[in-house]
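Okay, thanks for making the time, everyone. Let me put the structure up and then walk you through what I found.

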Amino acid sequence: VSIRTATMQQVGASSSGPVSSLVTQKVLTADILAEIDRLAPLPTVVMDVVRMVEDANSTIADLERLISQDLIIAARVCKLANSSFYARNAPAKTVGDAVKRLGFKTIKSLVIAAGAGKSLTKSMAHYAYNEFGLWKHSLGLALATRSLARNLGLPFHLQDELFLAGLMHDIGKLVLDPILGKAGIESGWLTTDREVATVGLDHTEVGCRVAKKWNLPEHAVAVITHHHSVDSAADFASHTAAIHLGDYLINDAKVGLSEQAEVQCYINPVALDILQIDASIVQEFHETVANELPDIVSMCDELTRC
Ligand SMILES: [Fe+2]
Ligand SMILES: [Fe+2]
């Protein structure tokens, strides 16, 4: 498998194709900002769980009671807790078992993930995704990056943070998708340069605003903002570099993408420098992801059905 890394020309390349007039672009940018304002918050149960996890007086029973109020979220949390990505020893039959097994912090990530899953499964007309494509791309990336982090021996809390950030990294596309329709863009691979040229903002900037509105943790905001511009990532640079790499691997494996999609993604060499790895390790990651792909795909399908 050959590994594509970006040349300087590709990193700085500008978009080709139709560019809207500045006036149209400004109108569309205003539409995007209005759309972010209108965006529904994360489900109340998610916000309540986040608050409860931060509260030192909360008990496992409190958390179980709260999560069980939302059947879909409860089912997704149990499925993830029992998947090969998390499961250890006996299966978690109840949400309480899952909380006991995984701990409050991991459960918090899983609940945010399960809650956001409702938004991420929305169908998308652009970006070359197939049915539930953004969800499969995001969850696939989250699971793959988490297991790469485990293989690299990164601490457990970091594996968890990467899972959440990975799941959310392209959240801006949810808001941009209908606006791209207004701009007359056809379905297909879309670079961030092309997004800016068409609607004035790209999915990283839009995603950053959504993440702040949803009060996502700082590491997730940093990853969402810089996963296509690793060079300018200041805080959480390792998180951002890991997700950038995971994005490349999962796109290369075409998870969530239509068969005809022309994948145009590259590894920014800066990401490899930040992670202190070389191309031979990327080759190993390719193999790890390829081996785990059946598990990743079936997990995505199972959670979609919840
Ligand atoms: Fe992205
Ligand atoms: Fe992505």
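**Rings, irons and a cavity**

So, to start with the rings: there are two aromatic pairs in this structure. The first one I'll show is Y86 with F163, an edge-to-face pair with 6.0 Å centre to centre and 90° between the planes. What I like here is that the pair links distant parts of the chain, 77 residues apart. Y86 sits in the loop between helix 5 (71-82) and helix 6 (95-102), while F163 is in helix 9 (residues 156-168). Keep in mind throughout that this is a predicted model.

Are those two rings buried or exposed? Y86 comes out at a relative accessible area of 3%, so it is buried, and F163 is buried too, at 0%. The other pair is Y127 with Y129: ring centres 6.3 Å apart and planes at 40°. That angle is neither under 30 nor over 60 degrees, so we call the pair tilted. Y127 is buried, with 3% relative accessibility, and Y129 also counts as buried, with 9%.

While we're on rings, two arginines are worth a look. R146 lies over the face of Y86, 3.9 Å from the ring centre, so Y86 has F163 as its edge-to-face partner as well as this arginine over its face. R76 does the same kind of thing with W135, lying over its face at 5.1 Å from the ring centre.

Okay, on to the metals. Which protein residues hold the iron ion (ligand 1)? Its donors are D170 through OD, plus H203, H227 and H228, each through NE2, and they lie 2.1 to 2.2 Å from the iron. Along the chain those donors follow the spacing D-x32-H-x23-H-H. The four donor atoms give angles of 87 to 177°, and the site is irregular. Within this set, H203 and H228 link distant parts of the chain, 25 residues apart. H203 is in helix 12 (residues 203-213), and H228 is in the loop between helix 13 (218-226) and helix 14 (237-252). They also sit in different surroundings: H203 is buried, at 2% relative accessible area, whereas H228 is partly exposed, at 39%.

Now the iron ion (ligand 2). Here the protein donors are H137 and H169 through NE2, and D170 and D247 through OD, lying 2.1 to 2.3 Å away. This arrangement is irregular as well, because the four donor atoms subtend angles of 83 to 175°. The sequence spacing reads H-x31-H-D-x76-D.

You'll have noticed one residue on both lists. D170 bridges the two iron ions, ligand 2 and ligand 1, which lie 3.7 Å apart. D170 is in the loop between helix 9 and helix 10 (172-182) and D247 is in helix 14, so this pair ties together parts that are 77 residues apart in sequence. Both of these aspartates, D170 and D247, are buried.

Last thing, the empty space. How many cavities of 30 Å³ or more do we get? The count is one, and about 60 Å³ of space lies in the largest cavity. Its lining includes T145, L148, A149, L162, A242, L245 and F285. Helix 8 (133-151) and helix 14 each supply at least two lining residues, and helix 8 gives the largest share, with three.

That's my tour; happy to take questions.

Notes:
Residues numbered from 1 in each chain as written. Chains lettered and ligands numbered in written order. Predicted model: local features only at pLDDT ≥ 70, side-chain atom pairs only at ≥ 80, totals over all residues. Heavy atoms only, no water. Phe/Tyr/Trp six-rings, centres within 6.5 Å; stacked < 30°, edge-to-face > 60°. Helix = DSSP H or I, 4+ residues; strand = E, 2+ residues; numbered from the N terminus. Buried < 20%, exposed > 50% of the residue type's maximum accessible area, 1.4 Å probe, protein only. Lys NZ or Arg CZ within 6 Å of the ring centre and 35° of its normal. Donors = N, O, S within 2.8 Å, 3.2 Å for Na, K, Ca; no water. Tetrahedral: all angles 85-135°; square planar, octahedral: opposite > 155°, others 65-115°. 1 Å grid on protein atoms, 1.4 Å probe; cavity = no way out; pocket = protein on both sides within 12 Å on 5 of 7 lines; lining within 4 Å. Points joined across faces, edges and corners; volume = space filled by probe spheres on them.
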